[in-house]
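Subject: The structure I promised you

Hi,

Here is the structure for you to open. Have a look around first, then read my notes below.

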Amino acid sequence: MFSLNGSSFLNNSLSGVSKSLTQSTQRKISAPPVVVASVSSNGKPGDRNVSVLMENTLKEMRETATSSSSSAAVEQESKSTVGGGVEDVYGEDSATEHQYITPWTVTVASGYPLLRDPHYNKGLAFTEKERDAHFLRGLLPPVVISQDLQVKKMMHNMRQYQVPLQRYMAMMDLQERNERLFYKLLIDNVEELLPVVYTPTVGEACQKYGSIFRQPQGLFISLKEKGRILEVLKNWPEKKIQVIVVTDGERILGLGDLGCQGMGIPVGKLSLYSALGGIRPSACLPVTIDVGTNNEQLLNDEFYIGLRRRRATGQEYAELLHEFMSAVKQNYGEKVLIQFEDFANHNAFDLLAKYGSTHLVFNDDIQGTASVVLAGLMAALNLVGGTLSEHRFLFLGAGEAGTGIAELIALEMSKQTGVPVEEAREKIWLVDSKGLIVKSRVESLQHFKRPWAHEHEPVRTLLDAVKSIKPTVLIGSSGAGRTFTKEVVEAMASFNEKPVILALSNPTSQSECTAEEAYTWSEGRAIFASGSPFSPVEYNGKFYASGQANNAYIFPGFGLGLIISGAIRVHDDMLLAASEALAEQVSQENLDKGLIYPPFSNIRKISAQIAARVAAKAYELGLATRLPQPENLEAYAESCMYSPNYRHYR
Ligand SMILES: O=C([O-])CC(=O)C(=O)O
Ligand SMILES: [Mg+2]
C-alpha cells in the first residue's frame, strides 16, 4: 500500500480495508489511489486500472478470506461461538455462511470515479501524467493548475458571497468535492474561514439544515436503529476511526434544541480536528443521535430531517446511549476518542460521569471550554496582576461551561496554593436563572451546582450580584445573549481598573455583550474575550482587538495528544496541562494589544504544543499505551499531523 509519510501512523492515510490488506498479506506494495467502496462499485470503469500487483494481492486476500471463513465454518459447527482475530474487525474472516457481513471491497479509483471521489480528486491540478495514467483525458479541460492557484481561485469566489450561509454551503460543497483542497483552504486562511465552517455560521446552518441538506456527512443514529447500532457503525466507509464527535442536538450552541439538525456541529468540530489538530479526516466520525426533539417549530417543519417525535428521556434515552457507547468500543477499541458536544446539561454531566471510567471520553462544553478559559485567565494575569487565588470570579450561567470552568479554576488554585479544592471554590460565585447560587437554595439545586452554594444572602439579579460580590473577573456562559448590560459592565469598571470580561455564549447573537459594548462601557479598560469572534473596535481613536475564548483552541490539540500517546482515559491534569500550554503561547506582543489568546493563524503549531503536553501527562499518569514514549513529543506530534497537500499518483 502507499504510505504518505514514512512511519508516522496518523499521517498514513490508508483506509481500514486497505490497511488490513497490508496486514493480511504482510508485504508492502505501492499502488495508485485506493478507494474503499461497497461491492456494488465493482466493475465500474474505475476498476480498469487495478495494477497487476494489486490484482494479485486481492486474489491472495480473497483466498485467505475464503480459507479462514471456511475454517471458521468448520469450527462453528463444533462450537457455538465465533471469534474474529483482533484485526478481523468486522468479522469477515470468521463469519459463517449463516452470518451477515458488510461486503466491503478494495478498488483502485481512476477515470470518472476518481474525479468524483473527494478523498482523491484534485480537479484541475491533475498532472498530464496522471491524466494519462488514470483515464482522465478529455474529462478535464486542458489547463493544469497548482493547488495554490486553486486556493487563490476558491478564496476569490468565496469572498464574492455576501451571505455567510452561502459561504458555508460553498465550503461544504468543496469538502464533498475535493477534501484536500478544502483543508488546504481552511488551514491557509484559518482566521477568515473559521467563522464560516464553525461558529457563528454553523449555528445558522444547523437551524436551516433541513433545507440545505445535500449529502450526509456523518452517521445518523436514531431510535429506529435501536438494537442495531453496531451494524450501523459498520456501514460507515472507514474502519480506523480515532475521533468521534457526537451530539444529541438538545443544546446546539446557545440556540437550544435543534434535534437531528445538530449534525452541523460534529461535522464542523471534526473539520477543525483535521485542520487545526492534524487528525486525518478519514479517522474522524461525526455522529448525531436522534431521540426526537422538543422543538415545536422543527416538528412542524416539512423539511425537518429527524424523527418527528418528542425527545426520549429516562431509560429509553439511557439505553440508546449505552448501546452506542458499547458499540463504539466494540467496533473501534479502547483508544477511540468520543467527544460529547452540545448535549443538554442534565445528560452532559451524567454521560461524562458514567463513561469517564470506561471509555476515552471528553466533553468539549464542560472540559474544553474550561481549559480554554483557564488558559485565557492565566494569560490575563500578566495584564491585571495577582495570582489566580487573589481574584474573585462571578459567572452568569451555571451549566456545563460555567461549572466546568469554575471547577478547573478551583483545581488550579488548589494545585498552586495547596489549599483544598473546597476552599478554593469559595472564591468563585455563580448566578443562574434564579439568582446568585447561595446556601439557602442548596436543596433545590441540581447536583452539579451544589458545590457552588456559598453562604450569602439571596440575590436576584446579575447586577446586584456584581455589586455585592465585586468580582475581578466576570464570565458569561448561560447561552443567553445581551445579559451584560451597560449597568453591569459599568459596575465592573467602577471597582476594577482592568475588569476581565468574558462573553462566552455562542453564536454571536447569544453573546452576553459585543466587543464594542465592553470597550465603550468600560472606557477602553476591559480585558475582553468572547466565544464567537468580533472584529476590532475603535474607541476614542484607539483600536481594540479581542480574543476568541473558544474551545477550538483546545480540543484539536488535546485530541491529538490523546491519540499520539494512545491514551485510554482523560484526566483533569491533562486539561490543566493543555491550559498551561495554550497560555504560554500568548506573547508579550499579544498582551500589549490586550489579547489573552494567541492568533488562530498559529494554531497548528499551538495544537502540536498542546498535544505534546497532554501526551506527556498521559505518560506521566500511566494512561498512555503507545510505547516507548517518543523522545521529543512536540516533534512527534508535528510529524503525525495530516497535511492537505496533494500526493502524486503513479
Ligand atoms: O462551538 C462553539 O463555538 C463552542 C461550543 O462548543 C459551544 O458553544 O457549544
Ligand atoms: Mg459545544
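A quick definition to begin with: two residues are in contact when heavy atoms of theirs lie within 4.5 Å. In this chain, 72% of the contacts with a separation of 6 or more are between residues 24 or more positions apart.

Some ground rules. This is a predicted model, where local features need pLDDT of at least 70 and side-chain atom pairs count only at pLDDT 80 or more, while totals for chains, interfaces and linings use all residues. Residues are numbered from 1 along each chain as its sequence is written, chains are lettered from A and ligands numbered from 1 in the order in which they are written, and side-chain values use heavy atoms, with hydrogens and water left out.

Now the overall picture. The chain has 26 helices and 16 strands (DSSP runs, numbered from the N terminus: H or I of at least four residues for helices, E of at least two for strands). Of its 650 residues, 59% are buried, meaning under 20% relative accessible area with a 1.4 Å probe, counting protein chains only.

Next, the inside. A nonpolar core is a set of buried Ala, Val, Leu, Ile, Met, Phe, Trp, Tyr and Cys residues joined through side-chain atoms within 4.5 Å. The largest one here has 129 residues, and L377, I409 and F558 touch the most other members. Helix α16 (residues 364-384) gives this core its largest share, 11 residues. Leaving out residues up to four places away in sequence, I409 touches L374, L377, L388, F393, F395 and I428. A separate core of 38 residues includes I244, M325, Y332 and F448.

What surrounds ligand 1? Y198, T199, R251, L253, K269, E341, D342, D364, D365, N506, N550 and N551 do, each with a heavy atom within 4 Å of the ligand. Three side chains make polar contacts (N or O pairs within 3.5 Å) with oxygen atoms of ligand 1: R251 at 2.6 Å, D365 at 2.9 Å and K269 at 3.0 Å. The protein covers 93% of the 260 Å² of accessible area that ligand 1 has on its own (Shrake-Rupley method, 1.4 Å probe).

One last residue to click on: S607, in helix α25 (residues 603-620). Is S607 buried or exposed? S607 is buried, because its relative accessible area is 0%. Among residues further than four places away in sequence, S607 touches L276, G277, P556, G557 and M641.

Cheers

Methods. Polar contact = N/O pair within 3.5 Å; in protein donor to acceptor, adjacent residues only side chain to side chain. Buried < 20%, exposed > 50% of the residue type's maximum accessible area, 1.4 Å probe, protein only.
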